[in-house]
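Student: I am new to this structure. Please pick one part of it and take me through that part closely.

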Amino acid sequence: MKIEDDAILGEFFDTPEKKARWMRRLAWLYIIWIIFLIVGLGMVLIFYVF
């Protein structure tokens, strides 16, 4: 089953432009998540050392 045929998600991914826009958004969210993860681990290490 393709994501375009899904009843709920199909409206967000029904055209190639919408699919590309959502893939770009997901890529940015993934980068932001990695940054928060690195900052969080850095803060844990700083508090652990001191």
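**Phe47, its helix and the segment before**

Tutor: Phe47 counts as exposed because its relative accessibility is 62% (exposed is over 50%, buried under 20%, partly exposed in between, with a 1.4 Å probe and protein chains only). The model is a predicted one, in which local features need pLDDT of at least 70 and side-chain atom pairs pLDDT 80 or more, while totals for chains, interfaces and linings use all residues. Residues are numbered from 1 along each chain as its sequence is written, and side-chain values use heavy atoms, without hydrogens or water.

Phe47 sits in helix α1, which covers residues 16-49 (a helix is a DSSP run of H or I with at least four residues, numbered from the N terminus). Phe47 also belongs to a nonpolar surface patch of about 1200 Å². The other residues of this patch are Trp28, Ile31, Ile35, Val39, Met43, Ile46, Tyr48, Val49 and Phe50. Such a patch takes residues with over 30% relative accessible area and no salt bridge, joining nonpolar side chains within 5 Å and like charges within 9 Å. The areas come from the Shrake-Rupley method with a 1.4 Å probe. Ile31, another patch member, is also found in helix α1. Ile31 counts as partly exposed because its relative accessibility is 43%. From Ile31 to Val44, 13 residues along the chain, the C-alpha atoms are 20 Å apart.

Now to the contacts between helix α1 and what comes before. The whole structure has 2 salt bridges (a side-chain nitrogen of Lys or Arg within 4 Å of a carboxyl oxygen of Asp or Glu). One of them joins the side chains of Glu4 and Lys19, with N and O 2.2 Å apart. Glu4 belongs to the segment before α1 and Lys19 to helix α1, so this salt bridge ties together parts 15 residues apart in sequence. Both ends are partly exposed: Glu4 has a relative accessible area of 25%, and Lys19 has 31%. Asp14 and Lys18 form a salt bridge too, their closest N and O atoms lying 3.3 Å apart. Asp14 is partly exposed at 42%, as is Lys18 at 29%.

Aromatic rings make further contacts. There are 3 aromatic pairs in the structure (ring centres within 6.5 Å; planes under 30 degrees apart are stacked, over 60 edge-to-face, the rest tilted). One of these is the edge-to-face pair of Phe12 and Trp22, with 5.8 Å between centres and 80 degrees between planes. Phe12 lies in the segment before α1 and Trp22 in helix α1, so the pair ties together parts 10 residues apart in sequence. Phe12 is partly exposed, at 35%, and so is Trp22, at 29%. Trp22 also pairs with Phe13 in a tilted arrangement, 6.4 Å centre to centre with 50 degrees between the planes. Phe13 is buried, its relative accessible area being 12%. Through these ring pairs, Phe12, Phe13 and Trp22 are linked into a cluster. Arg25 lies over the face of Trp22, 4.6 Å from the ring centre (NZ of Lys or CZ of Arg must be within 6 Å of the centre and within 35 degrees of the ring normal).

Notes:
Helices (H or I, at least four residues) and strands (E, at least two) are DSSP runs, numbered from the N terminus. Rings of Phe, Tyr and Trp (its six-membered ring) pair if their centres lie within 6.5 Å; planes under 30 degrees apart count as stacked, over 60 as edge-to-face and the rest as tilted.
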